[in-house]
Amino acid sequence: MAAATADGHGGRRRLRVFFLPFFARGHLIPMTDLACLMAAASTDAVEVEATMAVTPANAAAIAATIAGNAAVRVVCYPFPDVGLARGVECLGAAAAHDAWRVYRAVDLSRPAHESLLRHHRPDAIVADVPFWWATGVAAELGVPRLTFNPVGVFPQLAMNNLVAVRPDIVRGGADGPPVTVPGMPGGREITIPVSELPDFLVQDDHLSMSWDRIKASQLAGFGVVVNTFAALEAPYCDEFSRVDARRAYFVGPVSQPSRAAAAAVRRGGDGDVDCLRWLSTKPSQSVVYVCFGSWAHFSVTQTRELALGLEASNQPFLWVIRSDSGDGGGERWAPEGWERRMEGRGMVVRGWAPQLAVLAHPSVGAFVTHCGWNSVLEAAAAGVPALTWPLVFEQFINERLVTEVAAFGARVWEDGGGKRGVRAREAETVPAGVIARAVAGFMAGGGGRRERAAAMATALAESARVAVGENGSSWRDIRRLIQDLTDATASQP
């Protein structure tokens, strides 16, 4: 192994770190944030040179985020041919029925990754969870491999522990009883209906078949970097450090709300700045921000119900929808006359919105969210209470953290409502009346729910600010990570 070179600026030791993100914005963007943070944490002794290894369309998605940052570079490799249209290289850009092709591209990217790493011979590798082969390549090169996990430790521990009872879940089938997650620390019982469990726990899929290899690779690697902060997930961070990583670094939120306004707007792409101007016309904490992430797919029927529910709530709202949302063979998602009736009270953004800047805006009073981990973390860091509407994968587990553990949010569809589910065939359409009552009731503060959630969110925002500030827990873990990598590379011949 070639130790980190001492040819950086001013004679500093140069630590060259390669980052390999999965093909989804929810992975790509926080890993880019991490690369920027590590580069910014360079010291008088160590200069971190970060390189994002991505496919061409994904390079375009992070270009604005790293613009002007000379310490963060990009190298490209071709996206595997899996039958997708040119330029479709992530889950957010693929149609729902083509998602499997993106997962197929994971396995097919292995030769390109191995060739790239052997050619550049970095001093350390930070690879996303699915790329289990990075541990073997790192061992061959004699360099540390870290797993970057963009999902919090609460859902990671829950999924780990549910794998242990997976045979019972599969045997019980879709109509089996709710499952209590075994072995969770903190003494709180977490129970989840089978319909709300990730696919890989209920049926065979790409993840169930690779889970053991992924976990073995993670445990054999140098350590795990997690986008979270200790105050949000204690005591789960302690348990994760004990059972799921040789070394654990809790470095979040990597999307730090202290970023300059311009950087927050351009993070992840070209955000719609008109929505920020629109927010500035609204009273403090009056607007409901509605966003379901970059790859949620709603039916035309559900999109219409949401539109009618927001209308009936009588609350100002900012709603971000996919650019192809409601495309049902030409069928319109917006009810007749809806845009005209909502003019002035509501704004719809198609495509990408500058979520960090939106959540930081003083006019935003609540966030209707799918509970993707980035959104959970960004809401907590901004001090915005959440109304939860999970859709896929671990989002129903994340919801338990938001509503039951950290308690800075409430469900859109409370217990006793219709059936929710990860698999669309198992989930009922959420009706407009339910949406209207949830939004209006939460914003009106009925029963003190919003006040309690807002108080918890405010406290979490302060904890996040302290964590990323000088000598905070995440600030220290970023620097401990760099020091550990520097020591590991220096100790090798």
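Me: How many residue pairs are in polar contact across the interface of domain 1 and domain 2?
Reply: In this predicted model, the rule finds 20 such pairs, both partners at pLDDT 80 or more. A pair counts when N or O atoms lie within 3.5 Å and one can donate a hydrogen that the other can accept.

Me: Which elements each supply at least two residues of the side of domain 1 that touches domain 2?
Reply: Helices H1 (25-40), H6 (153-163), H8 (199-202), H10 (230-233) and H20 (449-468) do, and so does strand E7 (191-192). H6 gives the most, with 5 residues.

Me: What is the make-up of that side by class?
Reply: The side of domain 1 that touches domain 2 has 33 nonpolar, 10 polar and 6 charged residues.

Me: Where do the two domains run along the chain?
Reply: The domain assignment gives domain 1 as 13-257 + 466-491. Domain 2 is 270-465. Their C-alpha centres lie 26 Å apart. The contact takes 49 residues from domain 1 and 34 residues from domain 2.

Me: What area do domain 1 and domain 2 bury between them?
Reply: About 3,500 Å², with 63% of it on carbon and sulfur atoms. That value is the accessible area the two parts lose on being put together, summed over both.

Me: Which three residues supply more than any other three of the area that domain 1 buries against domain 2?
Reply: Ser195, Glu196 and Leu232 do, with 18% of that area.

Me: Why is the pair Glu196 and Arg420 called a salt bridge?
Reply: The cut-off is 4 Å from a side-chain nitrogen of Lys or Arg to a carboxyl oxygen of Asp or Glu. For Glu196 and Arg420, N to O is 3.2 Å. That is within 4 Å, so the pair counts. The rule finds 3 salt bridges across the interface of domain 1 and domain 2. The structure holds 23.

Me: What makes Glu114 and Arg110 a salt bridge?
Reply: Their side chains meet at 2.9 Å, N to O. The limit is 4 Å, so this pair passes too.

Me: Why are Glu114 and Arg110 separated by about one helical turn?
Reply: Because they are 4 residues apart in helix H4.

Me: How do you know that the chain is as compact as a globular protein of its length?
Reply: Set the radius of gyration against the globule rule. The chain comes to 22 Å, and the rule gives 23 Å for 493 residues. The values are close, so the chain is as compact as a globular protein of that length. Its C-alpha trace spans about 70 × 55 × 45 Å along the principal axes. The secondary structure comes to 21 helices and 15 strands.

Me: Where are cis peptide bonds found?
Reply: One joins Ala234 and Pro235, with omega about 5 degrees. Pro235 sits in the loop between H10 and helix H11 (236-243). Another joins Gly252 and Pro253, with omega about -5 degrees. Pro253 lies in the loop between strand E9 (248-250) and helix H12 (261-266).

Me: What is phi of Arg121?
Reply: Phi is near 45 degrees, a positive value in a residue other than glycine. Arg121 is in the loop between helix H4 (110-120) and strand E4 (124-128).

Me: Which residues does Ala45 touch, not counting those up to four places away in sequence?
Reply: Arg12 and Arg13. Ala45 lies in the loop between H1 and strand E2 (46-54). The C-alpha atoms of Ala45 and Thr486 are separated by 9.9 Å, though these residues are 441 apart along the chain.

Key. Residues numbered from 1 in each chain as written. Heavy atoms only, no water. Domains from an automatic or database assignment. Contact = heavy atoms within 4.5 Å. Buried area = accessible area lost by both parts, 1.4 Å probe. Polar contact = N/O pair within 3.5 Å; in protein donor to acceptor, adjacent residues only side chain to side chain. Nonpolar A, V, L, I, M, F, W, Y, C, P; charged D, E, K, R; others polar. Rg over C-alpha atoms; globule rule 2.2 N^0.38 Å.
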